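Trainee: I'm new to this one, and I'd like a close look at a single part of it. Could you pick a spot and walk me through it slowly?

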Amino acid sequence: MIDSDCIFCKIVAGDIPSTKVLETDRVFAFRDLYPKAPTHVLVVPKDHYANVAELTAADPALAGEVLRATAEVAAAEGVAESGWRLFSNTGADGGQDVFHVHFHVAGGKPLGRMLSN
Ligand code: 5GP
Ligand code: ZN
């Protein structure tokens, strides 16, 4: 299940370079190209799903693997104790730019309030 027009499918395939942080059979994690925090890593399933709703409906076990990987990334990045934030944007109001589901792992500094007013 690869979408040939999807940049994150291309990153998973190695057709677009990225800085890999973690890889398992079904999960890939890489540094965000435009980091918003000292640690800013994107964690994706290798299979293409557009968003959290599609991923969890189609393959909840894979969703669990992705979620576990986010915690492993946080530990590897050294932010497990200081704290970190996990988020996944969906659709226009969510601010989603890339339509291959991805979880942002951010930390390494105080991140402030979750949402601006
Ligand atoms: P979204 O806005 O969809 O939640 O997040 C997309 C994220 O992907 C953004 O934080 C953006 O900086 C990152 N991004 C976009 N294009 C690339 C790319 O080609 N490589 C990497 N590593 N990150 C990218
Ligand atoms: Zn994709």
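Mentor: Sure, let's start with Val105, which sits in strand 5. Keep in mind as we go that this is a predicted model. Is Val105 buried or exposed? Its relative accessible area is 0%, and buried means under 20%, so Val105 counts as buried.

Now look at what Val105 touches. Setting aside neighbours within four places in sequence, Val105 is in contact with Thr39, His40, Val41, Val43, Thr70, Val73, Ala74, Trp84, Arg85 and Leu86. For a sense of distance, try Lys20: Val105 and Lys20 are 85 residues apart in sequence, and their C-alpha atoms are 14 Å apart in space.

Next, follow the chain to Leu111, in the segment after strand 5. Leu111 has 28% relative accessibility, so it counts as partly exposed. Not counting residues up to four places away in sequence, Leu111 touches Ala37, Arg85 and Ala106. Arg85 is one of the contacts of Val105 too. Here's another pair to find on the model: Leu111 and His100 are 11 residues apart in sequence, yet 25 Å lie between their C-alpha atoms.

His100 brings us to the metal. Which residues hold the zinc ion (ligand 2) as protein donors? They are Cys6 and Cys9, each through SG, along with His48 and His100, each through ND1, and they lie 2.1 to 2.3 Å from the zinc ion. Cys9 lies in helix 1, while His100 is in the loop between helix 4 (91-94) and strand 5, so this pair ties together parts that are 91 residues apart in sequence. Cys9 and His100 are both buried. The site of the zinc ion (ligand 2) is tetrahedral, with angles of 105 to 118° among its four donor atoms. Read along the chain, the donors follow the spacing C-x2-C-x38-H-x51-H.

Last stop: the largest pocket, with a volume of about 800 Å³. It is lined by 31 residues, and the closest to its centre are Asp32, His40, Phe87, Asn89 and His104. You've met His40 already, as one of the contacts of Val105. Which elements give two or more residues to the lining? Helix 1 (7-13), strand 2 (27-31), strand 3 (39-45), strand 4 (84-87) and strand 5 (103-107) do. So strand 5, where we found Val105, turns up here as well. By type, the lining residues of the largest pocket divide into 16 nonpolar, nine polar and six charged.

How values were computed: Residues numbered from 1 in each chain as written. Chains lettered and ligands numbered in written order. Predicted model: local features only at pLDDT ≥ 70, side-chain atom pairs only at ≥ 80, totals over all residues. Heavy atoms only, no water. 1 Å grid on protein atoms, 1.4 Å probe; cavity = no way out; pocket = protein on both sides within 12 Å on 5 of 7 lines; lining within 4 Å. Points joined across faces, edges and corners; volume = space filled by probe spheres on them. Helix = DSSP H or I, 4+ residues; strand = E, 2+ residues; numbered from the N terminus. Nonpolar A, V, L, I, M, F, W, Y, C, P; charged D, E, K, R; others polar. Buried < 20%, exposed > 50% of the residue type's maximum accessible area, 1.4 Å probe, protein only. Contact = heavy atoms within 4.5 Å. Donors = N, O, S within 2.8 Å, 3.2 Å for Na, K, Ca; no water. Tetrahedral: all angles 85-135°; square planar, octahedral: opposite > 155°, others 65-115°.
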